[in-house]
Amino acid sequence: MTSDSQPELEPRAEVLDTHVHEPVTRVDVLIIGAGPAGLMCANALASVGVDVRIVDQRPVRVAAGQADGIQPRTIEVLQSYGLAERLIREGNQMHMCAFYNPNASGILERTGRAPDVTAPTARYPFEITLHQGAIEAIFLDSMKARGVTVERPVVPTSIKLSAEEDELRDPDSYPVQVSSGCAPFTF
């Protein structure tokens, strides 16, 4: 155990797989896909000391938006990982929604307004709007500080689960092998 009560993790072991004659990387968790969910998972696991790797088929990260809003409860979760302050600083707070429709003459006019957040117990009474690329950058920076980066472009091509019952029951074994165009991963 380390001084802050986190278990000490052994560094990734490189072994030779006798079938493919390539180094095999052992890792406790392999995350396939570096979208918002994969990045959140990798960041969360890395923050508690889990040996994690994340791969993505895209050669570069998302630069612009696809999913651009963060709800109040999600901001609270991000706060628990120390990410909310930057999110709030870089994003825009959205408190109200406005609705526009054409009038009888075909000209757009505002036809309504409504609060964006209707959860009275939310710690943050607003949504944050920030493009997906910037949101992912917050995760990527946090992960990088923990020694985790997204490996790109990596496309898994096969997955093998050991048929050895003893290996499947052994908590110290790595019974799953994922192969790609790069070196295989076992976990």
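Colleague: In this predicted model, which strands form the open sheet with antiparallel pairing, and in what order?

Modeller: The model is a prediction, and in it 3 strands form an open sheet whose pairing is antiparallel. Strands of a sheet pair through backbone hydrogen bonds, either parallel or antiparallel. Read across the sheet, the order is β5-β9-β6.

Colleague: Which strands stand at the edges of that antiparallel sheet?

Modeller: An edge strand here has a single partner strand, so one side of it is left without a neighbour in the sheet. The strands for which this holds are β5 and β6 (92-94).

Colleague: Over how many bridges do β6 and β9 pair, and which residue stands opposite Gln-93?

Modeller: β6 and strand β9, which covers residues 127-129, pair in the antiparallel sense over 3 bridges. Opposite Gln-93, in β9, stands Ile-128.

Colleague: What is the order of the strands in the open sheet with parallel pairing, and which of them stand at the edges?

Modeller: This open sheet is formed by 3 strands in the order β3-β4-β10, with parallel pairing. Each edge strand has a single partner strand, so one side of each is left without a neighbour in the sheet, and these edge strands are β3 (29-32) and β10 (150-151).

Colleague: How many bridges join β3 to β4, how many pair β4 with β10, and which residue of β4 is the bridge partner of Ile-32?

Modeller: β3 and β4 run parallel and are joined by 4 bridges, while β4 and β10 pair in the parallel sense over 2 bridges. On the β10 side, Val-55 has Glu-151 as its bridge partner. On the β3 side, the bridge partner of Ile-32 in β4 is Val-55.

Colleague: Which helix packs on this parallel sheet, and what angle does its direction make with that of β4?

Modeller: The helix that packs on the sheet is α1, which touches β3, β4 and β10. Helix α1 spans residues 36-47 and includes Ala-44, a residue that counts as buried because its relative accessibility of 17% is under the cut-off of 20%. The direction of α1 makes with that of β4 an angle of about 165°.

Colleague: Which residues cover the two faces of β4, and are they buried or exposed?

Modeller: In a regular strand the side chains alternate between the two faces of the sheet. In β4, Val-52 and Ile-54 lie on one side, with Arg-53 and Val-55 on the other, and all of these residues are buried.

Colleague: Where is Asp-56 placed, is it buried or exposed, and with which side chain does its own side chain make a polar contact?

Modeller: Asp-56 lies in the loop between β4 (52-55) and β5 (69-70), and Asp-56 is buried, since its relative accessible area of 6% is under 20%. Leaving out residues up to four places away in sequence, Asp-56 touches several residues, including Gly-33, Ala-34, Glu-151 and Pro-153. The polar contact is 3.4 Å long, and the side chain that makes it with that of Asp-56 belongs to Arg-152.

Colleague: How many aromatic pairs are counted, and what are the distance and the angle between the rings of Tyr-124 and Phe-126?

Modeller: The count comes to 1 aromatic pair, formed by Tyr-124 and Phe-126 in an edge-to-face arrangement. Tyr-124 counts as buried at 12% relative accessibility, and Phe-126 also counts as buried, at 8%. The rings are 5.9 Å apart from centre to centre, and the angle between their planes is 65°.

Notes: Residues are numbered from 1 along each chain as its sequence is written. This is a predicted model: local features need pLDDT of at least 70, side-chain atom pairs count only at pLDDT 80 or more; totals for chains, interfaces and linings use all residues. Side-chain values use heavy atoms; hydrogens and water are left out. Buried means under 20% relative accessible area, exposed over 50%, partly exposed in between (1.4 Å probe, protein chains only). A polar contact is a pair of N or O atoms within 3.5 Å; within protein, one must be able to donate a hydrogen and the other to accept it, and residues adjacent in sequence count only if both atoms are side-chain atoms. Contact means heavy atoms within 4.5 Å. Rings of Phe, Tyr and Trp (its six-membered ring) pair if their centres lie within 6.5 Å; planes under 30 degrees apart count as stacked, over 60 as edge-to-face and the rest as tilted. Two strands pair if DSSP finds at least two bridges between them. Axes are lines fitted to C-alpha atoms, for helices over the stretch in contact, and angles run from 0 to 180 degrees between N-to-C directions.
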